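Please read the points below with the sequence and the structure side by side. They take up strand pairing, aromatic rings, one glutamine and the cysteines.

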Amino acid sequence: SSGMARVAARLNQFRTMFGIGKPASLLSATECLPGSDSPARDLPGPDAKHFVKSTSLWGPWAEGTQTIMIGMGCFWCSEALFAKMDGIHSSQVGYAGGVTKNPSYQDICTGRSNHNEVTRLVYDPTVLPLEGILKIFWETHDPTTPNQQGNDRGTQYRSGIYYFDEEQKQTAERTAVAYQRALEESGISRKICTEILPAPQFWMAEEYHQQYDFKPGSRQYCGLRPLGVGFPKM
């Protein structure tokens with residue numbers, strides 16, 4: 001049942017803290033779980049609506065909107081930063097960048113899928129330009145810790161920006177350089193390890209993960225560890 005799955009997911013969240021028993025880095029494709037030809041259980045239905053915006057989770061979305069995917073630790077925490085913002089048309093959490101087909105949250109938590117926990121943002125660039133999204137991205141997590149965000153450890157917590165066109169790529173790279181400089185000027189010498197890659201296939205996460213922090217009964221978990229350095233004006 002979805003209730004049991006929710007309990008199992010929460011237990012997995014606790015078990016996977018500190019990375020106990022999980023690979024410390026990405027695996028070869030042959031070492032990863034193969035996955036399934038069938039969709040994972042408990043996915044949102046085809047007509048599912050965003051809990052905050054009441055827009056579609058699956059699309060199609062409003063004309064003129066664009067899409068970006070980001071990974072910055074626990075996807076409950078990252079989606080919560082953006083889901084209510086003006087200019088965000090819809091948001092979804094899911095899995096991307098790995099090998100396992102139709103992955104479940106349980107697959108992700110083994111560390112043997114190579115997938116990242118990601119938030120997919122559908123936004124109106126005339127209201128909220130990508131630079132505004134990435135300002136929040138850089139300021140609200142630690143992009144210098146490989147495969148880790150706070151106590152959450154494992155490859156599913158790596159920092160990443162996954163772009164859909166060349167303009168998004170250039171914006172991501174430009175903001176990364178600017179934030180690296182801001183860190184150095186603040187006395188932080190660690191290098192940003194955020195991966196900036198073409199958007200891979202997005203696998204929707206289970207319904208109970210979507211807009212988690214806004215739903216009754218959520219446990220208001222936040223694993224993000226910002227460095228306290230503001231994004232510079234560009």
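1. Two strands count as paired if DSSP finds at least two bridges between them. With that in mind, look at strand β3: the bridge partner of Gln92 there is Arg120. Note also that the model is a predicted one.

2. How many bridges join strand β2 and β3? Strand β2, residues 88–96, pairs with β3 in the antiparallel sense over eight bridges. Strand β1, residues 66–72, is also antiparallel to β3, with five bridges. Opposite Ile70 stands Thr119 in β3.

3. Strand β3 covers residues 116–123, and eight of its eight residues are buried. One side carries Asn116, Val118, Arg120 and Val122, and the other carries Glu117, Thr119, Leu121 and Tyr123. Both faces are covered. The residues named as bridge partners above, Arg120 and Thr119, are on opposite sides of this list and are both buried.

4. A search of the whole structure finds six aromatic pairs. One of them is Phe75 with Tyr105: the ring centres are 6.4 Å apart and the planes are at 25°, so the pair is stacked. The cut-off behind that word is an angle under 30 degrees between the planes. Phe75 belongs to helix α2 (residues 75–82) and Tyr105 to helix α3 (residues 105–109), so the pair ties together parts that are 30 residues apart in sequence. Are these two residues buried or exposed? Phe75 is buried, with a relative accessible area of 1%, and Tyr105 is buried too, at 0%.

5. Trp138 and Tyr179 form another stacked aromatic pair, with 5.9 Å from centre to centre and 25° between the planes. Trp138 is in helix α4 (residues 130–139) and Tyr179 in helix α5 (residues 166–185), and the pair links these distant parts of the chain, 41 residues apart. Trp138 counts as buried because its relative accessibility is 0%, and Tyr179 is buried at 0% as well. Trp138 and Tyr179 also belong to one aromatic cluster, together with Phe137 and Phe231.

6. Gln149 lies in strand β4, residues 148–149. Its relative accessible area is 1%, so Gln149 is buried. What does the side chain of Gln149 reach? It reaches the backbone nitrogen of Asp142, at 2.7 Å. Leaving aside neighbours within four places in sequence, Gln149 is in contact with Met72, Gly73, His141, Asp142, Tyr157, Gly223, Leu224 and Arg225. Asp142 therefore appears both as the residue reached by the side chain and in the list of contacts, where a contact means heavy atoms within 4.5 Å.

7. The structure holds zero disulfides. Why is Cys77 not bonded to Cys74? The sulfur of Cys74 is the closest cysteine sulfur to that of Cys77, but at 3.6 Å the two are too far apart for a bond. The cut-off for a disulfide is a pair of sulfur atoms within 2.5 Å. For Cys222, the closest cysteine sulfur is in Cys77, at 4.4 Å, which is also too far for a bond. Cys77 is buried, with a relative accessible area of 3%, whereas Cys222 is partly exposed, at 46%.

Definitions and conventions:
Residues are numbered from 1 along each chain as its sequence is written. This is a predicted model: local features need pLDDT of at least 70, side-chain atom pairs count only at pLDDT 80 or more; totals for chains, interfaces and linings use all residues. Side-chain values use heavy atoms; hydrogens and water are left out. Rings of Phe, Tyr and Trp (its six-membered ring) pair if their centres lie within 6.5 Å; planes under 30 degrees apart count as stacked, over 60 as edge-to-face and the rest as tilted. Helices (H or I, at least four residues) and strands (E, at least two) are DSSP runs, numbered from the N terminus. Buried means under 20% relative accessible area, exposed over 50%, partly exposed in between (1.4 Å probe, protein chains only). A polar contact is a pair of N or O atoms within 3.5 Å; within protein, one must be able to donate a hydrogen and the other to accept it, and residues adjacent in sequence count only if both atoms are side-chain atoms.
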